[in-house]
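Hi,

Here's the structure I promised to pass on. Have a look at it first, and then read my notes below.

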Amino acid sequence: MKKVTLLTGTAAILTALSVPAFAQSEISTGADAVGVTAVDDRITDIEDDVSDNFERDLDADRFGPASRRQGLFGTMSLSYAGRTGNTENQDLAIAGRINYNEGQFAQSVGLSIEFGEDDNGDKDQEEVNAIYDAQYYFNDQFYAFALGRISSDGLVDGEANSASDSPDDVADELSDLRRDAFLGFGPGYRIINTEQTTWRVQGGIGVRYTQTGQQYLDDDSDTEMGYIASSRVYHRVNDNVFITNDTDYLGSDDADDVISNEFGVNFKVSDQLATRISYTTEYQENREIRTDNSLGVAVVYGF
């Protein structure tokens, strides 16, 4: 399988910015006390967001499994904060991702768990999310995929959280999702697969399970058939410029159809400067204004 190295200047800049979270420490003695560390952490968050935008456009699955790391590997992280004094609360977050790649088969599982308490000792967050992603490549062009997700919000129980909740808050509590899960699978095909241009499409069927706060009270839920389709286009104009166009469709028998499209242009202005411009359109059936549009600009400069 042929591979191509693109925007090496950009890659070097991103590598410099991508410092592991566990390597972060107080920027200098006393920085925590005067608030310098908090601002420095926020700078890192912004840099990470920009790096993620560039990396998504590079599309790790563009050429299939040839360059994937083989075997079992992953990461796990845990964060806990307990506070006493003027405020008494605590927060716990656990996240992890496990990957297993063997030859033509690649799969990964991700998990996040977040719990929190407010100053009164009452729960203000109880969320669990898990994802599954798998591809099996029959050859360089034809593959099968599976996608799964499950989300749970334990605070959505259909009941008012406090006596001060407004009627709108109560209505939201009844309509918000306590559980939301989706499992889909189907075929994918690389229509074009060259160093300069790649285009792959995939589509399939799935099952979506949902339970609102009202349904939780009624011991009820919904299970319906879903349909998914995606397109990923990548084209390298020259050594400094490439464009991408990502399209996704999600539909079901009862829920609103959702279509999203993101067009991006990435270019290296110099060995130190790289820019990404994107235009995203999202269409959702039956809402008052069906289409939302957003323009994004990301710039990375290293020196």
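Before the hairpins, a word on terms: strands here are DSSP runs of E, at least two residues long, numbered from the N terminus, and two strands pair if DSSP finds at least two bridges between them. Also keep in mind that this is a predicted model.

With that settled, S2 and S3 make a hairpin with two residues between them. Gly-103 sits in that turn and has a positive phi of about 60°. Strand S2 covers residues 89-102 and runs antiparallel to S3, the two being joined by 13 bridges. One of the pairs puts Arg-97 across from Gly-110 in S3.

S3 (residues 105-117) then pairs with S4 (residues 123-137), again in the antiparallel sense and over 13 bridges. This hairpin has five residues between its strands, and Gly-121 in the turn shows a positive phi of about 80°. Along the pair, Ser-112 stands opposite Asn-129, while Gly-116 has Gln-125 as its bridge partner.

Zooming out, these strands belong to an open sheet of twelve, ordered S1-S2-S3-S4-S5-S6-S7-S8-S9-S10-S11-S12 with antiparallel pairing. At the edges are S1 (71-83) and S12 (291-301), each of which pairs on one side only. On average, neighbouring strands are turned by 10° against each other, direction ignored.

One more thing, away from the strands: the surface carries a patch of negative charge made up of Asp-32, Asp-41, Asp-45, Asp-49, Asp-52 and Glu-55. Helix H3 (residues 36-58) gives the most to this patch, five residues, and Asp-41 is placed in that helix.

Cheers

How values were computed. Residues numbered from 1 in each chain as written. Predicted model: local features only at pLDDT ≥ 70, side-chain atom pairs only at ≥ 80, totals over all residues. Heavy atoms only, no water. Helix = DSSP H or I, 4+ residues; strand = E, 2+ residues; numbered from the N terminus. Axes fitted to C-alpha atoms, helices over the stretch in contact; angles between N-to-C directions. Patch = residues over 30% accessible without salt bridge, like charges linked within 9 Å, V, L, I, M, F, W, Y side chains within 5 Å. Areas by Shrake-Rupley, 256 points an atom, 1.4 Å probe, with all protein chains shown as cover. Salt bridge = Lys/Arg side-chain N within 4 Å of Asp/Glu carboxyl O. Lys, Arg positive; Asp, Glu negative; His and termini not counted. Charge placed at Lys NZ, Arg CZ, Asp CG, Glu CD.
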